[in-house]
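Reader: I would like a close look at the salt bridges here and the residues around them, with the cut-offs behind each term. Please begin with how far the model can be trusted.

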Amino acid sequence: MNSENIVNRKSNFELLRIISMFLIVVAHCVYYVDFSAYADWSINSLIVKILRIGAKIGVNCFVLITGYFMVNSTFKIEKLIKLEIKVVAYTMGIFILNVFIGIVEINFKLLIQSMFPIIFSLYWFMTAYVLLYMFSPFLNEFIKKVKKEQLLKLIFVLVLVRIIIPTITTSELGLSNLSWFITLYLISAYLKKNVTFFDNKKTNRKIFIFNLTFIILSIIVITFFSNKVPILKGHENYFSMMNKIPLVLCSISLFSIFKSIEIKNKVINNIAKNTLGVYLIHENIIIRKFIWENFLTKNISNSLLLIIYITTYCLCLFIACILIDKIINFIVEIIYKLLKKIFYKIKLNEKLESIKEKFIEV
């Protein structure tokens, strides 16, 4: 998620990272908190469903930002190792702390999962992201050598298979999170290298507003008819799913809006580098229950001010996670430096680089 050195990062994209992560936190709040007591056709029920849109837009924007910067970057084993250390530091740290406190019993399965969180998909996003990063040198080499027309044809096929067909037919064709990330990666790379329809600020605003409005109205309409048409029940957020046409257009247009903004701000950049930590903390399977289970009381859940309670709580959680991640980053740097010394002595880094070069050449 952290594509550039903090000094050189473009604050417009970093601000989009911060907004995207906050939208994800808010969406997770309304996803994990039990709102089943609400009537389908209540104001609070509709608010909850509408707020879920943010998670999908946030994830898509994160991957679009990744593709935009990574397409011109060099694959580094060190970055992959440091990312793995950070994820394991959180999963193992949280596991050990909770076992010590007595919140979680010693669980061998959870221990193994915490030791190898990427392999066991303890965080689905991180697993897909790490795989995307591992594929990035091959994708970049392909993008560099392929003709613009051929790249556009490939993107069209991916859009057809991953966006248009799933939206129209509801069939996902058995495809994975990784294939979706690769689709967004290639779209973002194309947007960076070619002048496109999405370079017009006014057009992007219109696309974003139109599609967001369409998604919100679809939620309201489907919710209204869900009791009369049973097949619609549970599909209120259909058009706000990650790879549905309106949501994709929302994501790309929002990304393009921020792409056209010029901002330079060290504070934004400094906060943005900790957004990964926000995700790793609040989406941890042990922490998740603790964060959300006591969030609502009856008085709050029935209040017309519910949206204010949700955003205020999520903002406090977001800030707390940012502060914790700053401490964890310091610890990760120490661990990484120690491992780097060990790697240097056994010349492991040179061996890994040699393997990487051979793979890319092939």
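Over which residues does pLDDT stay under 50, and how many contacts beyond four places in sequence does the model have for them?

Author: The stretch is residues 1-7, where pLDDT (the predictor's confidence in each residue, from 0 to 100) stays under 50 and the model has 22 contacts (heavy atoms within 4.5 Å) beyond four places in sequence. This is a predicted model, in which local features need pLDDT of at least 70 and side-chain atom pairs count only at pLDDT 80 or more, while totals for chains, interfaces and linings use all residues. Residues are numbered from 1 along each chain as its sequence is written, and side-chain values use heavy atoms, with hydrogens and water left out. For the protein, the mean pLDDT is 86, and 87% of the residues reach 70 or more.

Turning to the salt bridges (a side-chain nitrogen of Lys or Arg within 4 Å of a carboxyl oxygen of Asp or Glu), the structure holds 9 of them. One of these joins glutamate 333 to lysine 82, with 3.0 Å between the closest N and O atoms. The two partners belong to distant parts of the chain, glutamate 333 to helix H15 and lysine 82 to helix H4 (residues 77-101), and are 251 residues apart; helices here are DSSP runs of H or I, at least four residues long, numbered from the N terminus. Glutamate 333 counts as partly exposed because its relative accessibility is 31%, and lysine 82 falls in the same class because its value is 29%, given that buried means under 20% relative accessible area, exposed over 50% and partly exposed in between (1.4 Å probe, protein chains only).

Helix H15, which spans residues 306-346, also holds phenylalanine 330, a residue that is exposed because its relative accessible area is 58%. Together with Ile327, Ile331, Ile334, Ile335 and Leu338, Phe330 makes a nonpolar surface patch of about 570 Å². Patch members have over 30% relative accessible area and no salt bridge, and nonpolar side chains (Val, Leu, Ile, Met, Phe, Trp, Tyr) are joined within 5 Å, like charges within 9 Å. The areas come from the Shrake-Rupley method with a 1.4 Å probe, and for residues only the protein chains shown count as cover.

A second salt bridge brings together glutamate 141 and lysine 145, at 3.3 Å from N to O. Because these residues are 4 places apart in helix H6 (residues 124-145), about one helical turn separates them. Glutamate 141 is partly exposed, with a relative accessible area of 24%, whereas lysine 145 is exposed, at 66%. Both belong to a network of salt bridges that also includes Lys144.

In a third pair, the side chains of arginine 162 and glutamate 172 meet at 3.4 Å, N to O. Arginine 162 lies in helix H7 (residues 148-169) and glutamate 172 in the loop between H7 and helix H8 (177-193), so this salt bridge ties together parts that are 10 residues apart in sequence. Arginine 162 is buried, at 5% relative accessible area, while glutamate 172 is partly exposed, at 27%.

Helix H8 is also where serine 188 is placed, and serine 188 is buried, with a relative accessible area of 0%. Apart from neighbours within four places in sequence, serine 188 is in contact with Leu64, Gly67, Tyr68 and Phe255.

Key:
Helices (H or I, at least four residues) and strands (E, at least two) are DSSP runs, numbered from the N terminus.
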